[in-house]
Amino acid sequence: MKPLQIPMPDLGSPGLKGARKLDPSELNALKFSDKHTVLTPGKLAEQKR
Amino acid sequence: MDGESNFILSDFLGALGVPHTPDYTTRRFEAMPFKSLFGLGKLLDEYGVSSLGLFLSDRSEIKALTPPFLAHTPQGFLIVTSTDGDKVSYLTRGVAETMSLREFCEVCDGNVFLAFPSPSAAEPDYASHARFQLFGKVKRILFVILAAALFVWLFVTQGIWRSVPAIFAVILNCCGLALSFMLVRKSLRIKSRFADKVCGVLQKEGCDTVLETGASSFFGIFSWSEVGLTYFSVSLLSILMFPGSIIYVAACNVCCLPFTLWSIWYQKFRAKAWCTLCVSVQCTLWLLFFSYLAGGWLKDVFPLKPGFFVLVAVYGFVLLGLNRIIPMMNKLKR
């Protein structure tokens, strides 16, 4: 197994105009769930309703 | 923390091609002080993987990112593995799913987490963990081989193969044992993709819903999954080692049948959820009843002989033993 070499995204590029970095507090606000749900497309669509 | 953690880091590292072992990875994830992307970033540093969190105001800009990466939805994280054409492929608890880019843009809140493994990225002390994992696998394989060998030896030398109903009784007790084992693991929140797949047959997450109710245990003293594990293991060993005890095993089976009706009633009317594993156990108990009936072992049940009470005592002894051991295993796991 060899690690993938993933290029750093260019935040100034036309394809990522709407992108900005998340700061540590924003990263810390994105918490992992203790639920056991498999997030199928149907399950994800339920949240829209 | 047994929910997302059981899959996400291991699956993410797997998608990134970073050598790791599931046990160590899960333990490190569960020991994270910050159970968030911030904590994950710190943990990934230990693996030689740097990271970056982005907010995309235009979700369709995920096409400019190189998978794999994490995408956040209000229901949890997805591991996006491909963004070809107008389809987005992702992993969720180890299951591969696909949705359209349009649907993805609606469910993702714009927060994504990218990872950049260094060429030498790997789990700390990967070599020794991998060796330990290998030894664990060898032990498990040896255990299965020895169990199978003993099973075949008893099956043949005890003459069980001569009676079709006895063969069915043995097979059904094996099935019941496997189902009960999966139920015990589920109640201990030990991840099993196979058990998740089986549980999804009647109703997705039905097993979890039913196992979380108070009725999943006998007044909080014994869980029904422990009772099932006891029942099927003792029944199987009794038939294999002492074929003459099958009449007492058959009598005990009859005593279990009212429980099956209560279990189905409870799932339908109280829990309003179907636990596939539980329903399968009830079906197994009824199939066993018909096997014992077909073998003529229910004819001479009465009057109850001392052997019946000895068998009941063995059931009780094993149940009490399991009831002590299983919580210890749960504590060790934590």
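Among the elements of chain A in this predicted model, helix α1(A) has the highest mean pLDDT, at 95, while α2(A) has the lowest, at 79. For chain A as a whole the mean pLDDT is 85, and 92% of the residues reach 70 or more.

Keep α2(A) in mind as we turn to the contact between the chains, which takes 38 residues from chain A and 50 residues from chain B. On the side of chain A that touches chain B, the elements giving two or more residues are β1 (19-21), α1 (24-29) and α2 (41-48), and the largest share, six residues, comes from α2(A). If we sort that side of chain A by class, we find 20 nonpolar, nine polar and nine charged residues.

The two chains also share strand pairing, since β1(A) and strand β1 of chain B, residues 49-56, run antiparallel to each other over three bridges. Within that pairing, A:K21 has B:L54 in β1(B) as its bridge partner.

Now let us move into chain B, and to strand β3, residues 76-82. Is this strand enclosed or open? Five of its seven residues are buried, so β3(B) is largely enclosed by the rest of the structure.

On one hand, β3(B) is joined by five bridges to β2(B), residues 69-73, in the antiparallel sense, with B:T73 standing opposite B:G76, and a hairpin of two residues connects these strands. On the other hand, three bridges join β3(B) to the antiparallel strand β4(B), residues 87-92, where B:L91 is the bridge partner of B:I79. The hairpin between β3(B) and β4(B) has four residues between the strands, and B:G85 in that turn has a positive phi of about 55°.

Technical notes:
Residues are numbered from 1 along each chain as its sequence is written. Chains are lettered from A and ligands numbered from 1 in the order in which they are written. This is a predicted model: local features need pLDDT of at least 70, side-chain atom pairs count only at pLDDT 80 or more; totals for chains, interfaces and linings use all residues. Two residues are in contact if their C-beta atoms, placed from the backbone, lie within 7 Å. Ala, Val, Leu, Ile, Met, Phe, Trp, Tyr, Cys and Pro count as nonpolar, Asp, Glu, Lys and Arg as charged, and the others, Gly among them, as polar. Two strands pair if DSSP finds at least two bridges between them. pLDDT is the predictor's confidence in each residue, from 0 to 100. A residue is buried if 20 or more other C-beta atoms lie within 10 Å of its own, exposed if 12 or fewer, and partly exposed in between; C-beta atoms are placed from the backbone.
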